[in-house]
Amino acid sequence: MRACVSWLKQWVDPGNIEKLVEQLTLAGLEVARVEPAGGLSDHANVVIGRIISCARHPDAERLQVCEVDIGREDRLSIVCGAPNARKGLVTACARVGATLPNMQVEAASIRGCESQGMLCSAMELGLDTSSEGIVEFDHDAPVGQSVVEYLKLSEPVMELELTPNRGDCLSMLGIAREVAEIHGLTAQPSPVNPVVAGIEDILSVDLVATRECPRYVGRVLKGVNYSRKTPDWIVERLRRSGMRSINLVVDVTNYVMHEIGQPMHAFDMNKIRGGVRIRMATRDEKLRLLDGKEVRLGSDYLVIADHERAIALAGIMGGADTAITDESETIFLESAFFSPDAIRGKARKLGMQTDASYRFERGVDTDIQIKAMEMASDLIISIAGGSAGPLMDVVSEEDLPRHDPIMLKPSDLERVLGDSINPSTTESILRNLGFVVEQTPEGWCTTTPSWRFDIQTSYDLVEEVGRCFGFNAIQPRVRTFLPNIHDREEASISVHDVKLRMMALGYHEAVTYSFVDPVVQDRLMPSGAAIRLKNPIAENMSVMRKSLWPGLLEAVSNNLNRQEKRVRLFEVGTVFEAGQKGDEDCREKRVLSMVVCGSVNPRQWAAEETPVDFFDLKGDLINAFTLTRDASSLTFKSSDHPVFQPGQGAEILIEGQSIGFIGKLHPARAKQLGIDADLFMLEVDMQHFLHAKLPQFIDVPRFPPVHRDLALVVDEKVEVTFIEDKIRLSAGSLLKSVILFDVFRGRNLDRNTKSMAFGLTFQSNLGNLTAHEIDDLVENIIQDLKTRINVELRE
């Protein structure tokens, strides 16, 4: 928002500009920069001149030799090629020696004719980025006066960077209110003269979408002279606000918008069929806008329509079919309140943003539409003549935004701001900001002004009082408080604990998108339906993840492509499973996923590089699971999950319940994903990590353990966990541990068999175990294994 200081003075005296900038910034309206209203600084040599005569250049068709009066006895002869140079035109004249923003004017001979200066365009004066001819001033502009002084180009213009909640400051009136409060003054409103109806012409207005448009004000203007030029003072104020002059009617509506914050629109009334109807668009309804673009609308768009078609996109842009032209005889002015919810995001969906939509999205004063209409009507008629019809104010009172009273207590201020503020100061600040304040024994009962859409709770009122009082004026204090420390159950494990353990194991945490490529996900997790997004950002991010593997494997691929061969990643995240009813009963769960490839340890001089394998990853999982003090409950069962290489995949179980999978990525899947390495991965349900067994005291053994080794020859398909379970079952409570310490295949063994050597540890708390007792236990184990599976004792 650009604010011209001289325009601001129409409402309130802003005082010293440097101090004002600091005050506005501290009040929450950040002033990004202050710059002169124009880039022209030459007061003496760039003056207002009137073209007395124009003659064709004797040696160039497109050039004219102009005689220019600059308020001195000697008139200047200037060669000019501008198409709008004509007798009687008042324009800007740069004399020889003048300094323009991008050039120095010197005496020149153009095709044999001497030129004693230069007639300037707006671009050459630094007032615009482009122009089609020389600048045109009002006919009564004082000839000979400096252009800098006439346009007041040395005056400062502030550029404010407003936060989205301060839509009320998108006008000079809104900024004037803030300045007035800062200085303890009252903003003096500019007088608005109600226009007396000179004709009886009206247009029927039908409010269909009352919730989206609860107020619509209209008026017919007839006999306006559209050839009249917009006065220089309006053109210059618009330019300083960042807008270019279009034509008189459009300039006036833009001027009203920048002065009091109400966007307006003008229709050619003769092109409106029947009356005006404010309704929601029909599905796929087409509308050609003022910029020539044809848009296809959804049923959630609010439109201004006549009795046959949509003629404007409400709160965003007018339609081309009812645009005013130089031939327009009668115009219909619109000043309406459109609900922010009805306009918000609609322009952006169409790839545009207009000054009107920018304001309506943030909220426009609900009580200013009539004032805007009177102001615009008065300006147009006073400049270009014509007559106005009766004011039409169609309103749905029950649909207008209501501001419920908000209670503010002195304790709220002290609790949030950390300091108490004098009650009279608080009340004065609120009243100066436009709040209706009623004092009560508890504090203040306030009613929010119609132009503030960002005030909803007492915290908003505290912020208003704090910023206007000055956060820098609040004295710092050291507050004492007793922290509320929550007890943590001894048996609980936090996700943070798990992450710390993973990092201690040498893993790096990854955070990947919840949206994944459906093709990649189907390759890794072919079973189960995925939840598809209704409005995905891209096709390769169009479904919710069923597993963390797609994101982690993409991260592995990126690392490998960057010559990082040793990769150890983990992620704790949420996965999404579609239910029987699809997206309606989807289920979320948090899982831990790990992926590894490359060597077991980083490269070093003291050991050779050993490739990571299935058992390294399995060991890391068991290590992490020791947090629960129940790692022995983990078991692994062979699995034929399609993502794993056959024979190198397993299901992870706890007490017979499946909690995840572990294995080596299938080479075919690795090739499809661009992974040129042996990669091992696992994924487990996190809920089994978050509860630990409480530690229990066990007496220190008084009697020594006894160790025995068993080498068993079994079928190749027999799993080690199966044998370990049978050994424990046969040995009973005297068996303290069983460990597989060797696997042998080859010489002296059948092709489909293998030898597995187990270390058994026996111990009793009642006395020393004898050799006879140990032999009986071992023999019982062997006989039991022979009974259950075809096992032989290897000698």
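Strand S1 (residues 2-4) runs antiparallel to strand S12 (residues 156-161), the two being joined over 3 bridges; strands here are DSSP runs of class E with at least two residues, helices are runs of class H or I with at least four, both numbered from the N terminus, and two strands pair if DSSP finds at least two bridges between them. This is a predicted model, in which local features need pLDDT of at least 70 and side-chain atom pairs count only at pLDDT 80 or more, while totals for chains, interfaces and linings use all residues. Residues are numbered from 1 along each chain as its sequence is written, and side-chain values use heavy atoms, with hydrogens and water left out. The points below cover two open sheets, two helix pairs, and the pockets and cavities.

**The sheet around S12**

- An open sheet of 3 strands is arranged in the order S1-S12-S2, with antiparallel pairing.
- S1 and S2 are the edge strands, each with a single partner strand, so one side of each has no neighbour in the sheet.
- Neighbouring strands of this sheet are turned by 25° against each other on average, direction ignored, where axes are lines fitted to C-alpha atoms (for helices over the stretch in contact) and angles run from 0 to 180 degrees between N-to-C directions.
- Within the pairing of S1 with S12, Arg 2 has Glu 159 as its bridge partner.
- On the other side, strand S2 (residues 30-36) pairs with S12 in the antiparallel sense over 6 bridges, and Glu 35 stands opposite Val 157 in S12.

**The five-stranded sheet**

- A further open sheet has 5 strands in the order S5-S4-S3-S6-S11, again with antiparallel pairing.
- Its edges are strand S5 (76-80) and strand S11 (117-120), each of which pairs on one side only.
- From one strand to the next, the twist averages 50°.
- Strand S6 (residues 90-95) and S11 are antiparallel and share 4 bridges, with Arg 95 placed opposite Gly 117 in S11.

**Helix packing**

- Helix H6 (residues 248-260) packs against helix H10 (residues 369-384) at an angle of about 140°, with their axes 10 Å apart.
- H6 and H10 are therefore oblique to each other, given that angles under 35 degrees count as roughly parallel, over 145 as roughly antiparallel, 65 to 115 as roughly perpendicular and the rest as oblique.
- The crossing of H6 past H10 is right-handed, a term used if the near helix is turned clockwise from the far one by less than a right angle, whereas an anticlockwise turn makes a crossing left-handed.
- Helix H19 (720-731) and helix H20 (residues 771-788) pack at an angle of about 130°, their axes lying 9 Å apart.
- H19 and H20 are therefore oblique to each other, and H19 passes H20 in a right-handed crossing.

**Pockets**

- The largest pocket holds about 1200 Å³ of space; on a 1 Å grid over the protein atoms alone, a pocket is an open set of points with protein on both sides within 12 Å along at least five of seven lines, a cavity is a set where a 1.4 Å probe fits but cannot get out, and lining residues have an atom within 4 Å of a point.
- Grid points are joined across faces, edges and corners, and a volume is the space filled by probe spheres set on the points.
- Of the 35 residues lining the largest pocket, Phe 615, Lys 618, Phe 636, Val 720 and Thr 721 are the closest to its centre.
- Among the elements giving two or more residues to this lining are helix H17 (614-625), strand S33 (634-638) and helix H19 (720-731).
- By class, the lining of the largest pocket has 16 nonpolar, 8 polar and 11 charged residues, where Ala, Val, Leu, Ile, Met, Phe, Trp, Tyr, Cys and Pro count as nonpolar, Asp, Glu, Lys and Arg as charged, and the others, Gly among them, as polar.
- The second largest pocket, with about 1000 Å³ of space, is lined by 31 residues, and Ala 122, Val 135, Glu 136, Val 235 and Ser 245 lie nearest its centre.
- Helix H5 (residues 232-240) supplies the largest share of the lining of the second largest pocket, 4 residues.

**Cavities**

- There are 2 cavities of 30 Å³ or more.
- The largest cavity has about 120 Å³ of space and is lined by 15 residues, of which Gly 167, Asp 168, Ile 260, Gly 261 and Asp 365 lie nearest its centre.
- The second largest cavity has a volume of about 30 Å³, and the residues lining it include Arg 166, Asp 168 and Trp 451.
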